[in-house]
Amino acid sequence: MKKVLSFFLLASTVFAAKDTLSFVAVGDIMMGMNYPENGQYLPPQDGKLTFAEVQDILRNADITVGNLEGVMLDSGGNAKQCINHDICYTFRMPEKYVNLLVDAGFDLMSIANNHSGDFGEAGRKSTLRVLKEAGLGYAGFEETAETYVLEKEGVRYGFVAFAPNSGTVRFHDTEKAKRLISGVKAKSDIVIVSMHIGAEGSNHARVTRKTETFLGDNRGNPYEFARIAIDAGADMVFGHGPHVPRAIDIYKGKFIAYSLGNFATNASVNISGISGYAPIVKIKTDSKGNFIEGEIFSAIQQGEKGSRRPFLDSTGACIKKMKELTETDIPEAGLLIDTNGKIRLKK
């Protein structure tokens, strides 16, 4: 019996000490709107095609991460009041659409963003319940879901998500952010940080290294906060919120994507030009979370409102844009991005 036990302990130890780990990350996901209740923004076939063109990439990683832009609630809730519907959106997705995330291969979902409170407390509670029942990890709600630790194949992945919005874990409180990250680091092998941060729109694709504002709100300093997160123990930082892709970076050997833009935003949101770019970033790290290599997969959202979804793009538009932005905004990063999307460190 002792020999058997020793064997299993040894096998577990060896398995947990994987030499390399792989991570896939994408930006904002809103799979279809059941509000207003006229069904005009619900996708065909109950959304079964939403991730069809990209699911092989999403599934091919140890951990896949996305940002759930909105709530999962079948009906009810106190809808956010919008005065100008050209700049104000209210996102509520059918609860069963959580299965689309599971089937696509997602493991962790950020729920820290400006739409997670669109239907008040009922929307928040329903979103937490639905994600939990589906077996998905989540983080980003103040007090109720601030951090998450997922154990998968012998590796413990800590997850913390931040945004500037009421009810979320706010990146403005940097001392609390540091405590949360260092706290989850103490019980995890790898720490992943998600940040919904930065000004929005096609005019805000640049990393300014300054505090950004949008519609009068303080949307944070992505460059500074990513470094705060890594100094506190993060092994990678994935950004979203500007609705456009931004540069990538390396700090102390850790990978940063400042914005992964819109990934699958079924309706309402503008997807023209760069706003429709839907990059998929895949990185490989060592067992300590240090960046080894990566890849950008170029995808673009296409389709009419109600049937939009990401398609792989043979022109490599996302790759070209992120390469240009990285070389312009973060020239000291020490990263080379090939025309085929491969990311590697300069020798």
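# Reading the fold through its contacts

Me: In this predicted model, is Gly-39 buried, exposed or partly exposed?
Reply: Gly-39 belongs to the loop between strand S1 (20–30) and helix H2 (55–59). Buried would need a relative accessible area under 20% and exposed one over 50%. Because the relative accessibility of Gly-39 is 33%, this glycine counts as partly exposed.

Me: How far apart in space are Gly-39 and Gly-306, C-alpha to C-alpha?
Reply: Along the sequence, Gly-39 and Gly-306 are separated by 267 residues. In the fold, the distance from one C-alpha to the other is 8.8 Å.

Me: What radius of gyration does the protein have, set against a compact globule with 347 residues?
Reply: The C-alpha trace spans about 65 × 50 × 40 Å along the principal axes. For a compact globule with 347 residues, the radius of gyration would be near 20 Å. The value computed for this protein agrees with that expectation, at 19 Å.

Me: What share of the 347 residues is buried?
Reply: The accessible surface of the protein comes to about 14800 Å², and carbon and sulfur atoms hold 50% of that area. Among contacts with a separation of 6 or more, 69% join residues 24 or more positions apart. With 7 helices and 21 strands in the fold, the buried share of the 347 residues is 59%.

Me: Which residues touch the most other members of the largest nonpolar core?
Reply: Phe-162, leaving aside residues up to four places away in sequence, touches a set of residues including Ala-112, Val-169, Leu-180, Ile-181, Met-195 and Phe-225. There is also a second, separate core of 39 residues, with Met-72, Leu-100, Ala-104 and Ala-267 among them. In the largest core, which has 67 residues, the members that touch the most others are Phe-162 and Ile-192.

Me: What kind of aromatic pair do Phe-162 and Phe-225 form?
Reply: The structure holds 11 aromatic pairs, and in this one the ring centres of Phe-162 and Phe-225 are 5.1 Å apart, with 70 degrees between the planes. Phe-162 lies in strand S8 (residues 155–162) and Phe-225 in helix H6 (residues 222–232), so the pair ties together parts that are 63 residues apart in sequence. Both of these phenylalanines are buried. Planes over 60 degrees apart meet the cut-off, and the pair is therefore edge-to-face.

Me: What kind of aromatic pair do Phe-238 and Phe-255 form?
Reply: Phe-238 is buried at 3% relative accessibility, and Phe-255 is buried at 1%. The centres of their rings are 6.4 Å apart and their planes stand at 55 degrees, so by the cut-offs of under 30 degrees for stacked and over 60 for edge-to-face, the pair is tilted.

Me: Which residues do ring pairs link into a cluster?
Reply: The cluster is part of a picture in which the structure holds 11 aromatic pairs. Ring pairs link three phenylalanines here, namely Phe-51, Phe-106 and Phe-263.

Me: How many residues apart are Glu-212 and Arg-246, which form a salt bridge?
Reply: Between Glu-212 and Arg-246 the closest N and O atoms are 2.8 Å apart, and both residues are buried. Glu-212 sits in the loop between strand S9 (190–196) and strand S10 (213–214), and Arg-246 in the loop between strand S12 (236–240) and strand S13 (248–251). The bridge thus links distant parts of the chain, and the separation is 34 residues.

Me: Which of the salt-bridge partners Lys-342 and Glu-295 is buried?
Reply: The closest N and O atoms of Lys-342 and Glu-295 are 3.1 Å apart, and the pair links strand S21 (residues 342–345) with strand S17 (residues 291–297), 47 residues apart. Lys-342, at 37% relative accessibility, counts as partly exposed. Because its relative accessible area is 17%, the buried partner is Glu-295.

Me: About how many helical turns separate Lys-323 and Glu-327?
Reply: The side chains of Lys-323 and Glu-327 meet in a salt bridge, with 2.8 Å from N to O. Lys-323 is partly exposed at 24%, and Glu-327 is partly exposed at 48%. Because they lie 4 residues apart in helix H7 (residues 317–329), the separation is about one helical turn.

Me: Which residues do salt bridges that share partners join into one network?
Reply: A search of the whole structure finds 25 salt bridges. Those that share partners join into one network Lys-18, Asp-62 and Glu-153.

Definitions and conventions:
Residues numbered from 1 in each chain as written. Predicted model: local features only at pLDDT ≥ 70, side-chain atom pairs only at ≥ 80, totals over all residues. Heavy atoms only, no water. Core = buried A, V, L, I, M, F, W, Y, C linked by side-chain atoms within 4.5 Å. Buried < 20%, exposed > 50% of the residue type's maximum accessible area, 1.4 Å probe, protein only. Contact = heavy atoms within 4.5 Å. Salt bridge = Lys/Arg side-chain N within 4 Å of Asp/Glu carboxyl O. Helix = DSSP H or I, 4+ residues; strand = E, 2+ residues; numbered from the N terminus. Rg over C-alpha atoms; globule rule 2.2 N^0.38 Å. Areas by Shrake-Rupley, 256 points an atom, 1.4 Å probe, with all protein chains shown as cover. Phe/Tyr/Trp six-rings, centres within 6.5 Å; stacked < 30°, edge-to-face > 60°.
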